[in-house]
Amino acid sequence: MNQHTVKAYGDELNQITAEIARMGGLAEAQVADAIDSVARRDVALARAVVERDLKLDALHRDVEKKAIRLIALRQPVASDLRRTLGAMKIATDLERTGDLAKNIAKRALILADSEPMQPLTRSIERMGRLVSTRLRDVLDAYTASELDRAVAVWQTDDEVDEHYNALFRELLTYMMGDPRTIGACTHLLFMAKNLERIGDHATNIAETVHYEITGEDIVGERPRAQPTAEDSDPTPNISTHTH
Amino acid sequence: MPYEISPSPVAPTFTSRLWTVGTSVAISLVVMIGLAFVHPELAVWLIGGAVLIAVSAWLLNMPSAPEPTEPVLEGGQVDLQPSLIGGDLLDRVFEALDDPVLIVSGGEPDDIAGRRIIMANHAARELMRIQRQGALLVQVIREPGVLEAVDEALFGGVSRTTDYTTGGQRDRRWRAWTRPLEQAPGADPLALVILRDETDARRTEMMRVDFLANASHELRTPLASLSGFIETLKGHARDDAVARDRFLDIMAAQADRMTRLVADLLSLSRIELNEHIPPSGRVDLDRAAADVVDAVSVLVKEKAISVVLDQGEARASINGDRDEIVQVVQNLLDNAVKYSSPGGVVEITVVSDLGFDEAGAARMAGATRLPLVSPDRASGVFYAAVTVRDHGPGMAREHLPRLTERFYRVEGQKSGERLGTGLGLAIVKHIVNRHQGGLLVESAPGMGAAFTAWFPMVVERRDVRTTPLAD
C-alpha cells in the first residue's frame, strides 16, 4: 500500500515534468514557425501558429491544475516542492512565450500584404534564431537538469540585447530613408521587441531551473554591458537619433 | 543529477518487466509441453509453438540486458546456436546503425509521461544523451509534430514521416519515421522511431538560393560602372587619349574587383557546403600564422606597417584543414592591415593549451567584447587561439554583432583604395564554425580592434606513450 502511494506520487511528478517538456517543445515550435512565417512570407504557417496558441494555453492550464492538485494532495517538500513550483513558473513563462510568438505571426500576416523587405526580415530571422537557440538550450537544461547549461543561457543574455539594439538602428535608418516603409518597419520593430522578450523568458526559465536544482537563486552580476559602455547604455537609442 | 537521487520519480524498472514476461512465457511453455504429452498427435505443432514463444520472448527481452552470458555450448545443443547468434547479431546490428533508432512504449493514451524509451541504439544515446532505460520520450524529443506522430503510431497504428529542425546556430534538419510495432493484443503498444539527418540536402538547396541573390546584387555595381564607361568611350571620349587611359584604369580596377568577389563567393559557398563535415587534417596554428605573415610582407612594406608575430614555444596543433586555417589568419590579417594607418603596428599572437573559458576571455582591456561564434562547451578539450590586433579606427558597439554578415560594412569607414569584398569575415565565421572553434571580436572607437579565432587542439595521448605508435 505504502509502495503504491509513493509510486503514484512519483508518477504524478514525472507527469508534470513531461507536460512541461511538451509545452516547451510546442513553444519552441511556435517561435520557430513564427519566425519562418516572417522570413518566408508564409501566410498559412502564420495562421497555423495563431491557431496552435490555444493548445499551449490549454496545456498551461493543465499543468497548473496538476501542480495544484499535487501540492494539495501530496504536500511535497524539498526538491519535490521546488520541482512542482518550478513547473508552474516555467509553464507561465512558456505560455507568455507562446503569446509573443502568436503576436509575431499576426504581424507576419499583416506584413505579407506589403512589399517584401529582404534585408530587414533577414535580420529578424537572425535574431529569432538566436532566441530559439537560447530557448532550446534552456529547455535542454531543464529536461536533463543540467545546471551548467542553464547558467550559460543566463549569462549570455546580452547577446540578444545587442541584436535588438542593432536591429533598432537598422530599422530607424530605413524609416528615415523612406517614410513609406514606416508602417511595415513598425511591425518589424514590435517583432524584434517580442523576440527580445522571449529571450527574457528564456532567462527567467534559466533562473527557475537553477532554483529548482540547487534551491538557491543565481547570485552574481549578469555580464551586461562592458565597463566602457557607460557612454552607450542600452536605452539611448531614441536620444541619439533625434537630431 | 539531483533527480536521480531523489526517491520520487519511479521509473518502471526493466527487471520487473522481464520478470512478468518471463513468468508468463514459462507458464505457457509448461502448459504447451504438458498438452503435447496428453495429445501426442499435436506434439509437433505444440512444441513448434513453444519454441516460437520462447525465442520471441527472448528476443524481446534480451537485447537490452547487458551481459548475454548464456552458456551456449551447454549440453551440446547445436540447433539452439543459430537463434542465439541470430539474436546477438540483431542486437549488434541495432547498436551499429548509423541513424538514431528508438523503441517507444505507449502507456495510457492521455498520459504524456507514459511514452517511455525502452530501447535506443548507440547513435540515439549519443545524440539525445539518454542516460537510462525508461527515460521519458518527451525529455529527449520535444518537437510536437514528432510526438503526435508517435502517438498515432502507438494508438492508431499509423506510419508517418515528419520533418523537423532543431534550431540554433548550426541548425540541423531531421526526418523522423514512426512505425507501429506489432504487439500481442492487450500488451503495451510499441512504436519504432528512426531519425535521419537531412541537413546537407537542405543546406545545398538553401545555398543555391542565397548565392544567386547575393552574387547578382554585388556584381551589379561594378558591372554598371563598366558599362557606363564603355558607353562614354564609345561616345564623346572616343578621341580623348587622356580620358581613355584614365577610364581604362578604372575599368581594370572594377574588373579586378569583380574577379575577387567571384573568387570569394565561390570559396564561401564551398566552405558552407562542408560546414557540417568535421575537418580531418592536422595543422600547426603557429606555423600557419608565420606563413601568412611571410606572405603579406610585401603588401605590408608598401603601407609601411609593421607586423609583429608573438608565439609561444609550444606547438599549437589543431584539428583542421590547412588551407582553411590559413585563410582565417589571412583574412583577419588583411582586415587589420587594411584598417591600419601607414606606420601602424599589427600584432598577431598565437597561444595554445587554453581552457574553454580562457579561450573566450577578453584580451583587450576597456573594449567591448562580443563572441561572434561560440562552440558548444566540451569538457577535456584544450584550445589554441590566434589573435590579430590592429590600432586602426576601431568600431562602435552596435556594429559588432553584424560583422560576419555577408557584405556588411561599417558605415563611415574608408577601407583604402583596395576595397574588400565584404565577405572576408563571413568566410572566417564559416570556417571557424566548421572547426567547432570560436570567434571573438573586441573593439572600441579609437582603440583599434582585436579578432580572436580559437580552435580545439589535437588530443595528445600522453598517457599511452608506452606504445611507439603514439608518435
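**Exercise 1. Work out whether Gly157(B) is buried, partly exposed or exposed in this predicted model.**

Start with the neighbour count: 13 other C-beta atoms lie within 10 Å of Gly157(B). A buried residue needs 20 or more, and an exposed one has 12 or fewer. With its 13, Gly157(B) therefore counts as partly exposed.

Next, place the residue. Gly157(B) sits in the loop that links α7 (144-156) to β4 (160-166) of chain B.

Finally, look for a partner further along the chain. Leu181(B) is 24 residues away in sequence, and the C-alpha atoms of Gly157(B) and Leu181(B) are 8.3 Å apart.

**Exercise 2. Do the same for Leu273(B): find its element, its exposure and its distance to His430(B).**

Element: Leu273(B) belongs to helix α9 (residues 241-273) of chain B. Exposure: Leu273(B) has 14 C-beta neighbours inside 10 Å, so it counts as partly exposed. Distance: the C-alpha atoms of Leu273(B) and His430(B) are separated by 9.8 Å, although their positions lie 157 residues apart along the chain.

**Exercise 3. Trace the open sheet of chain B that contains β1, and say which strands stand at its edges.**

Write down the order: β3-β2-β1-β6-β5-β4, which makes 6 strands with antiparallel pairing. Now check the ends. β3 (135-136) and β4 of chain B each have a single partner strand, so one side of each has no neighbour in the sheet.

Zoom in on one pair. Strand β1 (residues 101-105) and strand β2 (residues 116-120) of chain B run antiparallel and are joined by 4 bridges. To get the register, note that Leu102(B) stands opposite Ala120(B) in β2(B).

**Exercise 4. Now take the open sheet with mixed pairing in chain B, and find the helix α11 that packs on it.**

Order comes first again: the 6 strands run β8-β10-β12-β14-β13-β11, and the pairing is mixed. The edges are β8 (306-311) and β11 (368-373) of chain B; each has a single partner strand, so one side of each is left free of a neighbour in the sheet. As for twist, neighbouring strands are turned by 15° against each other on average, direction ignored.

Then pick a pair: strand β12 (residues 383-390) and strand β14 (residues 449-456) of chain B pair in the antiparallel sense over 8 bridges. Here Ala385(B) is opposite Trp454(B) in β14(B).

Last, add the helix. Helix α11 (residues 322-339) of chain B touches β10 (345-354), β12 and β14 of chain B, and its direction makes about 20° with that of β12(B).

**Exercise 5. Describe how α5(A) and α7(A) cross, and which residue classes make up the contact.**

Two packed helices are described by the angle and the distance between their axes. The axes of α5 (residues 147-155) and α7 (residues 182-214) of chain A come within 8 Å and cross at roughly 145°. The crossing of α5(A) and α7(A) is left-handed.

Now list who meets whom. The α5(A) side includes Leu147(A), Val151(A) and Trp154(A), and the α7(A) side includes Ala206(A), Glu207(A) and His210(A). Sorted by class, the contact has 9 nonpolar, 3 polar and 1 charged residues.

**Exercise 6. Decide how to read residues 225-243 of chain A.**

Take the chain average as background: chain A has a mean pLDDT of 83, and 87% of the residues score at least 70. Over residues 225-243 of chain A, pLDDT stays under 50. The model has 18 contacts beyond four places in sequence for this stretch. Where pLDDT is low, the predicted coordinates should not be read in detail.

Note on methods
Residues numbered from 1 in each chain as written. Chains lettered and ligands numbered in written order. Predicted model: local features only at pLDDT ≥ 70, side-chain atom pairs only at ≥ 80, totals over all residues. Axes fitted to C-alpha atoms, helices over the stretch in contact; angles between N-to-C directions. Helix = DSSP H or I, 4+ residues; strand = E, 2+ residues; numbered from the N terminus. Left-handed = near helix turned anticlockwise from the far one by under 90°. Contact = placed C-beta atoms within 7 Å. Nonpolar A, V, L, I, M, F, W, Y, C, P; charged D, E, K, R; others polar. Pairing = 2+ DSSP bridges. pLDDT = per-residue confidence, 0-100.
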